[in-house]
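Hi everyone, thanks for making the time. I'd like to walk you through one structure today, so let me put it on the screen.

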Amino acid sequence: MLEAREGISRESRTLALSYGSREILDRAGAWQPAFGTHWGIHAGMRVELPKVAEIHSIHNSQKGGFGRAVITREDGGVPALGYVLSYADLQTALDQALIAKAVTVERGAIVSDITETASGAQVSYTQHGIKCSVAADVVVLADGGANLGKVPAISVIEKDYAQTALLGQIQSDTPHSHRAYERFTPEGPAALLPKCDAHSYSLVWVASAEKIEHLKMLDEAGFCAAFQAHFGFRAGRFLAVKDRRSYPLKLRTVSSAVAGHVVVIGNAAQALHPVAGQGFNLGLRDAEELAGMLSTTVANAHAASTALENYAASRSKDVSRSVGFTDFLVRTFSNDHALNRIPRGVGLALVDILPFARKALAHRMLFGASR
Ligand SMILES: Cc1cc2nc3c(=O)[nH]c(=O)nc-3n(C[C@H](O)[C@H](O)[C@H](O)COP(=O)(O)OP(=O)(O)OC[C@H]3O[C@@H](n4cnc5c(N)ncnc54)[C@H](O)[C@@H]3O)c2cc1C
């Protein structure tokens, strides 16, 4: 594995992972022991291990309209609908799983070129100022999209949502009881994800780039008041906020996940709007499916090509439905048309009262369209 990052992860983001992703990480040896217990032994010392917060229910509503839907872990038939954790902790857990499985990882290796050869592909990279290259039967591009331009057979399709996400940590005077919130507003969704501290949430506020810039500049009290007005009081009174950062939002897909001996997975293959927190979950499903297909393939170029074709065919339904579902939510809920508000409210109310609709939605969020 060639990884540009040198040392431990410094990602400051928080992620919500579905129960299905927890199962994948478990199978890959990256959940236990990192997230299974809060205490462990490291280098002979008792240390606190990274923590995760469970999501037991998700409250969905729309601003300025009626209707709301609450999805619970009982609807999903699982101990938790999802888990809120730090991206850096997750990357550390994955790094440790790679060590445990004796995978060779070249750190500080920045890939600069990918060239197709008759029997595979050649990857050029620079590591600590030294130019290197490696040949492989199959190249898996999982770099978030940084090198997509180096694979001419794959074209990139982008849609700019003209929205920016503000992320932060916000404190409430009311315990969260493991409930997450998704509130659809005309300017974009706002979400709260429960953290390990019972009064603390990870916050996502989507709006225009200009509005987000303005919100970042507000002092703490001003920001809490603005978010209170935007979100309402269902999660209590907001008292403090920290770590405000912003990300511009785009939908990016590729013409094909496979080109010759190169396969593109995760955000390199599809970068989604964070509205339903699906991006990393979808990428994990890509990775597990590909690993399964390649592990049953004998090591020759022809067999590898067949495995990649099978991979592309088996992932297309889950990927296209997840991209379509996320895009549908953004288009349907990010506007203030009165004609849309009524069917939206009816939709939310129906999901709320119909157990089979709640179960179907929970299943989609937990496992995608792959089961
Ligand atoms: C605001 C926001 C909130 C989100 N919230 C959620 C959420 O709650 N739940 C969820 O499931 N998803 C969420 N997502 C999506 C999620 O962040 C992405 O889907 C996920 O980070 C993609 O992982 P990845 O490994 O494919 O790519 P990345 O996380 O981009 O990782 C790419 C890796 O490739 C390495 N790399 C890059 N370039 C090179 C190079 N040239 N050479 C070698 N290595 C290289 C990097 O060092 C890195 O390790 C959110 C996204 C945004 C923008």
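Let me begin with one residue, His56, which sits in the loop between strand S5 (53-55) and strand S6 (57-62). Please keep in mind that this is a predicted model. Is His56 buried or exposed? Neither, quite: it counts as partly exposed because it has 19 C-beta neighbours inside 10 Å, and the cut-off for buried is 20 or more. Leaving aside residues up to four places away in sequence, His56 touches Thr72, Arg73, Ala80, Leu81, His178 and Arg179. If you look for Pro194, you will find it 138 residues from His56 in sequence, yet 9.6 Å away in space, C-alpha to C-alpha.

Now a second residue, Val123, in strand S11 (residues 121-127). This one is buried, because 22 other C-beta atoms lie within 10 Å. Again not counting residues up to four places away in sequence, Val123 touches Leu2, Val111, Ile114, Ser133, Val134, Ala136 and Val139. Pro248 is 125 residues from Val123 in sequence, and here the C-alpha to C-alpha separation in space is 30 Å.

Let me step back to the whole chain. There are 9 helices and 21 strands. How does the radius of gyration of the chain fit a compact globule? For 371 residues such a globule would have a value near 21 Å, and the chain has 22 Å, so the two agree. Taken along the principal axes, the C-alpha atoms fill a box of roughly 60 × 55 × 40 Å. Of the 371 residues, 36% count as buried. As for contacts with a separation of 6 or more, 69% of them are accounted for by residues 24 or more positions apart.

Next, the helices, and one pair in particular. Two packed helices are described by the angle between their axes and the distance between the axes. For helix H1 (residues 19-27) and H6, the axes come within 10 Å and cross at roughly 35°. H1 passes H6 in a left-handed crossing. Which residues make the contact? From H1 we have Gly20, Ser21 and Ile24, and from H6 we have Asn281, Leu284 and Glu288. By class, that contact has 2 nonpolar, 3 polar and 1 charged residues.

Staying with H1 for a moment, its buried residues include Gly20, Ser21 and Ile24, along with Tyr19, Arg22 and Leu25. What do the buried residues of H1 pack against? Besides H6, they pack against S2, helix H2 (73-76), strand S8 (82-86) and helix H9 (355-367). After H1 comes Gly29, with a positive phi near 75°.

That brings me to the ligand. There are 28 residues around it, of which Gly144, Gly266, Gly277, Gly279 and Phe280 come nearest. By class, the shell divides into 16 nonpolar, 9 polar and 3 charged residues. Which elements each supply at least two residues of that shell? They are strand S1 (2-3), strand S2 (14-18), strand S10 (109-116), strand S14 (156-172) and helix H6 (279-295). H6 gives the largest share, 4 residues.

So if you take one element away from this talk, I'd suggest H6: it crosses H1 at roughly 35°, and it gives the shell around the ligand its largest share of residues. Thanks for listening, and I'm happy to go back to any view you like.

Methods. Residues are numbered from 1 along each chain as its sequence is written. This is a predicted model: local features need pLDDT of at least 70, side-chain atom pairs count only at pLDDT 80 or more; totals for chains, interfaces and linings use all residues. A residue is near a molecule or strand if its C-beta atom, placed from the backbone, lies within 6 Å of it. Ala, Val, Leu, Ile, Met, Phe, Trp, Tyr, Cys and Pro count as nonpolar, Asp, Glu, Lys and Arg as charged, and the others, Gly among them, as polar. Axes are lines fitted to C-alpha atoms, for helices over the stretch in contact, and angles run from 0 to 180 degrees between N-to-C directions. A crossing is left-handed if the near helix is turned anticlockwise from the far one by less than a right angle, and right-handed if clockwise. Two residues are in contact if their C-beta atoms, placed from the backbone, lie within 7 Å. A residue is buried if 20 or more other C-beta atoms lie within 10 Å of its own, exposed if 12 or fewer, and partly exposed in between; C-beta atoms are placed from the backbone. The radius of gyration is taken over C-alpha atoms; the globule rule is 2.2 Å times the number of residues to the power 0.38.
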